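Q: Please take a close look at one part of this protein, the place that the UniProt record marks as a binding site. Where do its residues lie, and how are they set among their surroundings?

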Amino acid sequence: MIAAVYTLFFFFLLISSVYSKATISISPQTLNRSGDIVVIKWSGVESPSDLDWLGIYSPPDSPHDHFIGYKFLSDSPTWQSGSGSISLPLTNLRSNYTFRIFHWTQSEINPKHQDHDHNPLPGTRHLLTESNQLNFRFAVNRPEQIHLSYTDNINEMRVVFVTGDGEEREARYGEVKDKLDNIAVARGVRYEIEHMCHAPANSTVGWRDPGWTFDAVMKNLKQGIRYYYQVGSDLKGWSEIHSFVSRNEGSEETLAFMFGDMGCYTPYTTFIRGEEESLSTVKWILRDIEALGDDKPVIVSHIGDISYARGYSWIWDEFFTQIEPIASKVPYHVCIGNHEYDWPNQPWKPDWAAYVYGKDSGGECGVPYSVKFNMPGNSTEATGMVKGPQSRNLYYSYDMGSVHFVYISTETDFLKGGKQYSFLKSDLESVNRSKTPFVVVQGHRPMYTTSRKIRDAAIREKMIEHLEPLLVKNNVTVALWGHVHRYERFCAISNNTCGERWQGNPVHLVIGMAGKDSQPMWEPRANHEDVPIFPQPANSMYRGGEFGYIRLVANKERLTLSYVGNHDGEVHDVVEILASGEVISGSDDGTKDSNFGSESDFAVLWYIEGASVMVVGVIFGYFVGFLSRKKKESGVGSSNRSWIQVKNEET
């Protein structure tokens with residue numbers, strides 16, 4: 001027995017000596033802010049495997065299998081020599097980082113230990129080396145993840161941001177960049193692990209300290225004026241100075257960017273798939289914002305499935321860091337989607353929805369969404385957690401220029417007799433059509449789509465039964481939906497029938513194409529070799545598989561929606577809606593599923609004051625850090641691996 005123990009002891013000593021020569025270093029060891037790059041170098045890895053990997057950990061004392069993300073050492077061209085380097089932009093998680101290198105081989109793959117895409121997660125049996133800690137210079141104190149939104153008052157702008165502690169913060173603002181004399185005190189809130197309703201959101205794998213979310217309202221703003229602002233405190237430090245254009249009640253012009261289902265990109269592999277296309281969406285929208293000039297208010301509408309964190313809390317940090325260049329300049333408005341809210345113990349789950357509302361939030365149950373955003377309207381519903389904060393940002397509306405914007409929740413009760421139905425009925429009936437001749441309603445799950453998802457059929461039927469009569473009776477102009485990760489535009493439609501004018505027949509568009517890639521272009525049909533894709537019906541005017549977003553431009557006479565594709569930043573579909581009732585398709589030749597319209601066609605509408613090539617160049621330069629990140633390979637590690645990432649048929 002004793003001999004066996006000694007034998008085992010010397011065996012493990014031998015194994016540890018085999019893996020004890022590797023070294024790792026990081027440079028620099030202190031980063032200033034989110035997005036800064038660290039270079040990780042290693043050497044001395046003996047008998048390297050193409051599955052050897054670099055683990056990214058925050059906080060530093062996380063167990064081996066509780067990484068933020070990982071990179072295979074084979075991403076470095078010199079990995080076979082046992083040395084190499086990887087560069088990573090890192091997001092400030094208000095905690096230090098460390099990096100660990102593990103040896104892993106094909107024979108040690110555990111097919112039962114999988115990520116969201118059913119790829120085996122890397123093994124942690126053989127730790128080779130661990131780095132010193134990396135920190136952010138202002139890790140706890142610096143305000144980050146800054147984003148704006150409207151309030152219910154025309155002369156206000158809300159700013160929301162995150163810090164590591166709950167000590168006093170404020171926003172200071174003014175018309176002159178060097179004279180920020182106005183002060184708005186910020187209110188800090190946070191949520192805890194017990195507020196989440198299930199794993200992974202409330203487990204040690206998915207949970208990370210979310211910090212404090214601060215909320216300040218900048219008041220008494222003059223209309224249509226550029227204001228400068230920064231957030232923080234003298235004691236804890238200030239953010240950079242940002243700016244926005246205040247609302248202008250007297251303007252008839254409306255400018256907006258609209259999309260759903262964007263998510264965010266991570267420069268590492270993690271438990272869930274990152275959405276690389278979201279980088280292009282942000283890049284092109286930022287280009288357009290800069291091209292507008294200094295005096296034009298503009299908004300963003302993100303209609304559900306926001307970050308796709310699904311219980312892995314650091315993804316929210318990655319998301320807000322990615323959108324900050326936009327959201328710190330213009331109001332960023334949202335409505336709730338299934339991946340923010342849905343879990344079986346949520347309070348509203350009618351019998352007909354048994355297979356509609358699943359586990360898509362990863363146990364978040366709307367809590368991070370409800371705390372990290374603060375939309376107008378103050379709508380709330382109870383959550384499935386007794387201790388958790390109420391779900392909010394569910395339904396609300398506001399005017400901008402010639403458009404009345406309405407946001408609804410398809411994840412909470414929208415049936416007749418409920419609070420949301422009463423809100424929508426009252427809101428639509430009270431619209432001043434002489435002031436805002438156009439009404440745009442937005443929600444996550446679509447009322448109309450040619451995607452044949454059986455799971456969503458019941459909710460579409462209920463939306464047509466309960467909500468469509470309100471839209472038709474109150475002459476809603478446009479209805480925008482996400483959830484289906486493609487673009488589709490319908491005719492002016494009601495009761496599945498095309499009408500001649502939009503009054504009484506809203507124009508429906510599905511715009512869930514901002515980044516999420518886990519859906520086929522259009523639903524395939526088995527055993528239909530002649531027409532393998534469900535045919536496009538006559539009421540569907542255009543279907544596109546291109547990632548992108550919508551530009552909305554309106555005045556009192558005309559509302560124009562343009563579908564911008566991410567691969568070239570140009571317009572691929574246009575529909576013009578006249579206040580007189582006419583709907584003009586952008587197609588010149590009557591074809592469908594074809595690209596038409598161009599950037600030059602749209603220039604008259606959008607680049608009202610012209611956009612210089614230099615401005616676009618500056619924006620591309622701003623994003624060089626993002627775009628320099630290496631693209632994630634379709635497989636995990638090198639090409640001889642036995643698995644590849646799959647695209648789930650999940651919405």
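A: **The annotated binding site**

His483 is buried, at 1% relative accessibility; buried means under 20% relative accessible area, exposed over 50%, and partly exposed in between, with a 1.4 Å probe and protein chains only. The model is predicted, so local features need pLDDT of at least 70 and side-chain atom pairs count only at pLDDT 80 or more, while totals for chains, interfaces and linings use all residues. Residues are numbered from 1 along each chain as its sequence is written, and side-chain values use heavy atoms, leaving out hydrogens and water.

The "binding site" feature in the UniProt record covers Asn338, His483, Val484 and His485; such annotations may be inferred rather than shown by experiment. These residues span 148 residues in sequence, yet no two of their C-alpha atoms are more than 13.4 Å apart, so they gather at one spot.

His483 belongs to the loop between strand E27 (478–481) and strand E28 (487–494); strands are DSSP runs of at least two residues, numbered from the N terminus. The side chains of His483 and Asn338 are joined by a polar contact of 3.3 Å, that is, a pair of N or O atoms within 3.5 Å, one able to donate a hydrogen and the other to accept it.

Val484 lies in the loop between E27 and E28 too, and is buried with a relative accessible area of 4%. Beyond its neighbours within four places in sequence, Val484 is in contact (heavy atoms within 4.5 Å) with Pro446, Thr449, Ser451, Val510, Gly512 and Gln519.

Definitions and conventions. Helices (H or I, at least four residues) and strands (E, at least two) are DSSP runs, numbered from the N terminus.
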